[in-house]
Amino acid sequence: GCAFAARCRYAQPECVTTKPPLIETSNGHWFACHFPVGTAEGRAALARNEEAGVTAAGLPLDEDAEEFV
């Protein structure tokens, strides 16, 4: 799985079991994430976790915590 799943507010079941692929952006930066911040997938993942109050990895979400941007 993803090395950050245990501490990521966006973590979904896929993150716990499958290592994300390394992806290069158009400006030469690299990232590895199934549900990147700032994408429709990321927003949907965060919304699912906020509704559940916990991530797939078991991280409880604080309603008052600021979203990572």
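Is glutamate 14 buried, exposed or partly exposed, and what is its relative accessibility? Glutamate 14 counts as partly exposed, because its relative accessibility comes out at 36%. Bear in mind that this is a predicted model.

## The overall layout

Let's step back to the whole chain. It has two helices and two strands, and from the N terminus on they run α-β-β-α. Of the 69 residues, 25% are buried. The chain exposes about 4800 Å², and carbon and sulfur atoms supply 56% of that area. As for how the chain folds back on itself, take the contacts between residues at least 6 apart in sequence: 42% of them join residues at least 24 apart.

## Around α1 and the core

Back to glutamate 14, which has its place in helix α1. Leaving aside neighbours within four places in sequence, glutamate 14 is in contact with His34 and Phe35. Alanine 57 is 43 residues away along the chain, and its C-alpha is 10.0 Å from that of glutamate 14.

Phe35 turns up again in the largest nonpolar core, a set of six residues: Cys2, Ala5, Ala11, Cys15, Phe35 and Ala45. Zooming in on alanine 5, you'll find it touching Ala11, Cys15, Val16 and Ala57, once residues up to four places away in sequence are set aside.

## One face of α2

Now for α2, which covers residues 40-52. This helix has 13 residues, and from first C-alpha to last it reaches 18 Å, close to the 18 Å expected at 1.5 Å a residue. Its buried residues are Gly42, Ala45, Leu46 and Asn49. Seen down the axis of α2, these buried residues fall within an arc of 95 degrees, so they line one face of the helix. The general rule behind such a pattern is that an α-helix has 3.6 residues a turn, so residues three or four places apart point the same way. On the other side of α2, you get Ala40 and Glu51, which are exposed.

Asparagine 49 deserves its own look. It sits in helix α2 and counts as buried because its relative accessible area is 4%. Not counting residues up to four places away in sequence, asparagine 49 touches Arg9, Tyr10, Ala11, Gln12, Val54, Thr55, Ala56 and Leu61.

Past the end of the helix, α2 is followed by glycine 53, which has a positive phi, near 80 degrees. Threonine 55 is also in the segment after α2. With 5% relative accessibility, threonine 55 counts as buried. Its contacts, leaving aside neighbours within four places in sequence, are Cys8, Arg9, Ala11, Asn49 and Leu61.

## The prolines and β2

Over to the stretch between α1 (13-17) and β1 (22-24), where proline 21 lies in the loop. Leaving aside its neighbours within four places in sequence, proline 21 is in contact with Phe31, Ala32, Cys33 and His34. Take cysteine 33 from that list: it is twelve residues from proline 21 in sequence, with a C-alpha to C-alpha separation of 7.0 Å.

Alanine 32, for its part, lies in strand β2, residues 30-32. Its contacts beyond four places in sequence are Pro20, Pro21 and Leu22. Alanine 32 and proline 20 are also twelve residues apart along the chain, and their C-alpha atoms are separated by 5.3 Å.

Here are the partly exposed residues from this part of the chain:

| Residue | Relative accessibility | Class |
|---|---|---|
| Proline 21 | 46% | partly exposed |
| Alanine 32 | 36% | partly exposed |
| Cysteine 33 | 26% | partly exposed |

## What about the cysteines?

How many disulfides does the structure hold? Zero. A disulfide is a covalent bond between the sulfur atoms of two cysteines, and the cut-off for counting one here is 2.5 Å. Why doesn't cysteine 2 make a bond with cysteine 15? Their sulfurs are 6.2 Å apart, which is too far, even though cysteine 15 holds the closest cysteine sulfur to that of cysteine 2. Both Cys2 and Cys15 are nonetheless members of the largest nonpolar core. For cysteine 33, the closest cysteine sulfur is in cysteine 8, and at 5.9 Å that one is too far for a bond as well.

Notes:
Residues are numbered from 1 along each chain as its sequence is written. This is a predicted model: local features need pLDDT of at least 70, side-chain atom pairs count only at pLDDT 80 or more; totals for chains, interfaces and linings use all residues. Side-chain values use heavy atoms; hydrogens and water are left out. Buried means under 20% relative accessible area, exposed over 50%, partly exposed in between (1.4 Å probe, protein chains only). Contact means heavy atoms within 4.5 Å. A nonpolar core is a set of buried Ala, Val, Leu, Ile, Met, Phe, Trp, Tyr and Cys residues joined through side-chain atoms within 4.5 Å. The expected span of a helix is 1.5 Å times one less than its number of residues. The arc is that of the directions from the helix axis to the C-beta atoms. Accessible areas come from the Shrake-Rupley method with a 1.4 Å probe; for residues, only the protein chains shown count as cover.
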